[in-house]
2 protein chains.
Amino acid sequence: MKDGSLTAPEELGVLIKATQAILHQRMDDVLRPLELSVPQYACLQALHDSPGITSSELARRAFVSRQAMNVLLLGLEARGLVERSDDPGPRRERAAALTATATALVRHARAEVAAVAARMTSDLAAADLIQLRALLTTCRDRLLTL
Amino acid sequence: MKDGSLTAPEELGVLIKATQAILHQRMDDVLRPLELSVPQYACLQALHDSPGITSSELARRAFVSRQAMNVLLLGLEARGLVERSDDPGPRRERAAALTATATALVRHARAEVAAVAARMTSDLAAADLIQLRALLTTCRDRLLTL
DNA sequence: GTCGGTCTGTCAAGCTTTTGACATGAAAGA
DNA sequence: TCTTTCATGTCAAAAGCTTGACAGACCGAC
């Protein structure tokens, strides 16, 4: 018989969730010594790549609500890692930016996370990595276009 | 130049998270009419495939803590979807099982979720699906073996 | 047999996130 | 121009989940 049913699509969903969960766990392991949670790291990382980004856009990239991102930013602001202009922006926006100490911290955290990701893919050939990226992108885009 | 850096491993982590997030969203969309959350569905599904499973094992499969799974089970129990034996088990375990109405509900929910998963992979050939499954499994197992 | 380790279930407290709602500011369209 | 629409930021309440801790029950090693 053909094995089309051996790779049930719904099984793939569980596999994606399992991979994401264990990756999240490993990231948390290496970020904890830096006093950072995974969402906090994602926030600082996005802020590093796109300085002056808005809080709402930040929330979208970190896959959380605006409100959650706001309390997250308040915490980072209290620790002197993020600065937000108090005066209004063009569309009531308050641009956020990293401080110098945050930039150094992000550099360190980034290296740790990259090591985890590298370990995750250490059994894959370069071509496999490229294909995995392409396949996942296809799945994601297919779900995005309702 | 070689393109080894074009597929940075850490970029893959974000892609996995993005795919899982949007899949979670779509699952929530189809489960909401059934009055089920994604964790609740995962719980019922696992209980359907493995009747008499323990609460802790259930928590592991749903990627939540024992305590969270317990409150989740209390809710399902109150709705008459799950039954747990009150008398002790071999290792203080209380085996949980689905009721008849829950079995019918799971069958319905399963079909809806399967449709979402099928749509997610509708742009992939059968061979691609098999390979995606293999690649993701490799990544997950690599992270599991610390 | 006994002791240490492990797993289960449960209680309590705390934190994080979501949901719902509102006012403000700006762009798009009639 | 006026209005409709939309996005941001923020407040308040609620839900969900995690962490830490404890007792009961089994298992294996000694």
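In which loop does B:Leu124 lie? This predicted model places B:Leu124 in the loop between α5 and α6 (126–144) of chain B. The legends below start there.

**View 1. B:Leu124 sits in a loop of chain B and is in contact with residues of chain A and chain B.** The relative accessibility of B:Leu124 is 13%. That is under 20%, so the residue counts as buried. Beyond four places in sequence, its contacts in chain A are A:Leu135, A:Thr138 and A:Cys139. In chain B they are B:Leu129 and B:Leu132. B:Ser50 gives a sense of scale: 74 residues separate it from B:Leu124 in sequence. The C-alpha to C-alpha distance for that pair is 30 Å.

**View 2. B:Thr121 belongs to the loop between α5 and α6 of chain B.** B:Thr121 is buried, at 8% relative accessible area. With neighbours within four places in sequence set aside, B:Thr121 touches A:Pro9, A:Leu12 and A:Cys139 from chain A. Its contact from chain B is B:Leu129. Two names recur from the previous view. A:Cys139 is in contact with B:Leu124 and with B:Thr121. B:Leu129 likewise contacts B:Leu124 and B:Thr121.

**View 3. The two chains are related by a two-fold axis.** A turn of 180° with a shift of 0.0 Å along the axis lays chain B on chain A. The RMSD of that superposition is 0.0 Å. Such a relation is that of a two-fold axis. B:Leu132 has the C-alpha nearest the axis in chain B, at 3.2 Å from it. Both copies use the same surface: 100% of the contact residues of chain B recur in chain A. B:Leu132 is also among the contacts of B:Leu124.

**View 4. Cysteines are present, but the structure holds 0 disulfides over all chains.** A:Cys139 is in no disulfide. The nearest cysteine sulfur belongs to B:Cys139 and is 14 Å away. A disulfide needs sulfur atoms within 2.5 Å, so this pair does not qualify. A:Cys139 is buried, with a relative accessible area of 0%. A:Cys43 is buried too, at 1%.

**View 5. The largest pocket holds about 1,400 Å³ of space.** Its lining counts 47 residues. Closest to the centre are A:Phe63, B:Gly13, B:Val14, B:Lys17 and B:Ala18. Chain A supplies two or more residues from each of α1 (9–31), α2 (38–49), α3 (55–62), α5 (100–120) and α6 (126–144). Chain B does so from α1 (9–31) and α3 (55–62). The element that gives the most is α1(B), with 14 residues. By class, the lining has 24 nonpolar, 10 polar and 13 charged residues.

**View 6. The second largest pocket holds about 740 Å³ of space.** There are 25 residues in its lining. Nearest its centre lie A:Val14, A:Lys17, B:Met27, B:Ala42 and B:Phe63. At least two residues each come from α1 of chain A and from α1, α2 (38–49), α3 and α5 (100–120) of chain B. The largest share, 7 residues, is that of α2(B). The lining divides into 15 nonpolar, 4 polar and 6 charged residues.

**View 7. B:Glu35 and B:Phe63 have positive phi values.** Most residues other than glycine have a negative phi. B:Glu35 is not a glycine, yet its phi is about 65°. B:Glu35 lies in the loop between α1 and α2 of chain B. This residue is exposed, with a relative accessible area of 60%. Phi of B:Phe63 is near 65°. B:Phe63 is found in the loop between α3 and α4 (66–78) of chain B. At 36% relative accessibility, B:Phe63 counts as partly exposed. B:Phe63 is also one of the residues nearest the centre of the second largest pocket.

**View 8. A:Ser55 is a buried residue of helix α3 in chain A.** The relative accessible area of A:Ser55 is 18%. The cut-off for buried is under 20%, so A:Ser55 falls within that class. Outside its neighbours within four places in sequence, A:Ser55 has contacts with A:Met69, A:Asn70 and A:Leu73.

Methods
Residues are numbered from 1 along each chain as its sequence is written. Chains are lettered from A and ligands numbered from 1 in the order in which they are written. This is a predicted model: local features need pLDDT of at least 70, side-chain atom pairs count only at pLDDT 80 or more; totals for chains, interfaces and linings use all residues. Side-chain values use heavy atoms; hydrogens and water are left out. Copies are superposed by least squares on the C-alpha atoms of residues with pLDDT of at least 70 in both. Contact means heavy atoms within 4.5 Å. On a 1 Å grid over the protein atoms alone, a cavity is a set of points where a 1.4 Å probe fits but cannot get out, and a pocket is an open set with protein on both sides within 12 Å along at least five of seven lines; lining residues have an atom within 4 Å of a point. Grid points are joined across faces, edges and corners, and a volume is the space filled by probe spheres set on the points. Helices (H or I, at least four residues) and strands (E, at least two) are DSSP runs, numbered from the N terminus. Ala, Val, Leu, Ile, Met, Phe, Trp, Tyr, Cys and Pro count as nonpolar, Asp, Glu, Lys and Arg as charged, and the others, Gly among them, as polar. Buried means under 20% relative accessible area, exposed over 50%, partly exposed in between (1.4 Å probe, protein chains only).
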